[in-house]
Amino acid sequence: MDTKRNYNFDLLRFVILFILITFHYIVDLQGLELLKASLNYALPGFFVLSGYLIHQQLAVIPLTRQNIVVFYLRRGIRIVPSYLLVLTIAACFYKITYLEWSYTYLLNIRLFVSSVMGDIEAYAHRWKENGIHYWSMGIEEQFYLLYPLILCWVTSRNNVKPIVVLIFVCICFRVALRAENPSHFYGALLPVSGEYILWGALAGELHLRGYLKRFRGDFFIYVGLLLVAIPTLGIITDHAEFTQFKPPHTMTLFAILMALMVNALNRSVFPY
């Protein structure tokens, strides 16, 4: 894989960050329901991008025990100190609920347990001050802890089937948990949100193996436009409050389109 920095991905990160910040400013405004609904897709989109990048990073190196240890060390040095610093500073100014769960990257699990126990709504509505946002870091770090180990088996067989199986398992988890109680925060669990990361990983694997190169680059541009149009125009209407925690089944379609869009950026469809 070309190690040259791809600024298209930086642009996508900026757009997602801008959307997330915008969401937290307009969330209380009236008359913007469709726009607010579309903004709930920003974080899953970031998960897809993360999966694409991490898979391409791992798939091109020999996954020996030494390389995996080096990966964990680099990841820890890069992410953990800054995360703990930000969390500690925030705790000095706000009452961060479930602080110990946030420190251990397990807040997402605590959110699901709280929703099952029936004491999540009041907590979730105080999101501006209680540190609920750190749940997504739990998803990312749990995935990065497990995925290199799984990838050892995937790459040894040079087959995308294990990734597809994992995606299928994630979908089954979402279907089962949503059927059990759609008000629970099942989207906070790795076996549910992990689907988005895995779609990105699958797109990364297909790119490396040349399967996606048969499509013209402008095809992915149209895919990206469709990606934007689906939630904004109300094509997907199965929204709920805190959609990121209660994802509808149509999130699979979004993840697929987002993965294709990310692959388009990797092909420098939008050079600047």
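The bend at a residue is the angle between two axes, one fitted to the seven residues ending there and the other to the seven starting there. You'll need that below.

This is a predicted model, so local features need pLDDT of at least 70 and side-chain atom pairs count only at pLDDT 80 or more, while totals for chains, interfaces and linings use all residues. Residues are numbered from 1 along each chain as its sequence is written, and side-chain values use heavy atoms, with hydrogens and water left out.

**Exercise 1. The whole chain**

Task: Work out how many helices and strands the protein chain has, and what share of its residues is buried.

Solution:
- Step 1. Helices (H or I, at least four residues) and strands (E, at least two) are DSSP runs, numbered from the N terminus.
- Step 2. Going by that, the protein chain has 12 helices and zero strands.
- Step 3. Now the burial: buried means under 20% relative accessible area, exposed over 50%, and partly exposed in between, with a 1.4 Å probe and protein chains only. Of the 272 residues in the protein chain, 46% are buried.
- Step 4. Contact means heavy atoms within 4.5 Å. Among contacts with a separation of 6 or more, 79% are between residues 24 or more positions apart.

**Exercise 2. Helix α10, bend and cover**

Task: Find where α10 bends and how many of its residues are buried.

Solution:
- Step 1. Start with length. The expected span of a helix is 1.5 Å times one less than its number of residues. For the 19 residues of α10 that comes to 27 Å, and the end C-alpha atoms are 25 Å apart, which agrees.
- Step 2. Look along the helix: α10 bends by about 35° at Tyr-196.
- Step 3. Check the cover: 16 of the 19 residues in α10 are buried, so the helix is mostly covered.
- Step 4. Just after α10 comes Gly-210, with a positive phi near 85°.

**Exercise 3. Two helix pairs**

Task: Decide how α9 lies against α10, and how α3 lies against α12.

Solution:
- Step 1. Axes are lines fitted to C-alpha atoms, for helices over the stretch in contact, and angles run from 0 to 180 degrees between N-to-C directions.
- Step 2. Helix α9 (residues 161–180) and helix α10 (residues 190–208) have axes 8 Å apart and pack at an angle of about 155°. That makes α9 roughly antiparallel to α10. The cut-offs are under 35 degrees for roughly parallel, over 145 for roughly antiparallel, 65 to 115 for roughly perpendicular, and oblique for the rest.
- Step 3. The residues making this contact include Ile-163, Ile-167 and Cys-170 of α9 and Leu-198, Trp-199 and Glu-205 of α10.
- Step 4. On to the other pair: the axes of α3 (residues 42–59) and α12 (residues 251–266) come within 9 Å and cross at roughly 50°. That makes α3 oblique to α12.
- Step 5. Residues that meet here include Val-48, Leu-49 and Tyr-52 in α3, and Phe-254, Met-258 and Val-262 in α12.
- Step 6. For handedness, a crossing is left-handed if the near helix is turned anticlockwise from the far one by less than a right angle, and right-handed if clockwise. α9 passes α10 in a left-handed crossing, and α3 passes α12 in a right-handed one.

**Exercise 4. Helix α4**

Task: Locate the kink in α4 and list its buried residues.

Solution:
- Step 1. Helix α4 (residues 65–93) has 29 residues and reaches 42 Å from its first C-alpha to its last, close to the 42 Å expected.
- Step 2. The kink is about 30° and is centred on Gly-76.
- Step 3. The buried residues of α4 are Ile-68, Phe-71, Arg-75, Ile-79, Tyr-83, Leu-87 and Ala-90.
- Step 4. To read such a list, remember that an α-helix has 3.6 residues a turn, so residues three or four places apart point the same way.

**Exercise 5. Single residues**

Task: Say whether His-55 is buried or exposed, and do likewise for Ser-115.

Solution:
- Step 1. His-55 sits in helix α3. With a relative accessible area of 0%, His-55 is buried.
- Step 2. Beyond its neighbours within four places in sequence, the contacts of His-55 include Tyr-147, Ala-201 and Glu-205.
- Step 3. Ser-115 belongs to helix α6 (residues 107–117). Ser-115 has a relative accessible area of 6%, so this residue is buried.
- Step 4. Not counting residues up to four places away in sequence, Ser-115 touches Ile-120, His-184 and Phe-185.
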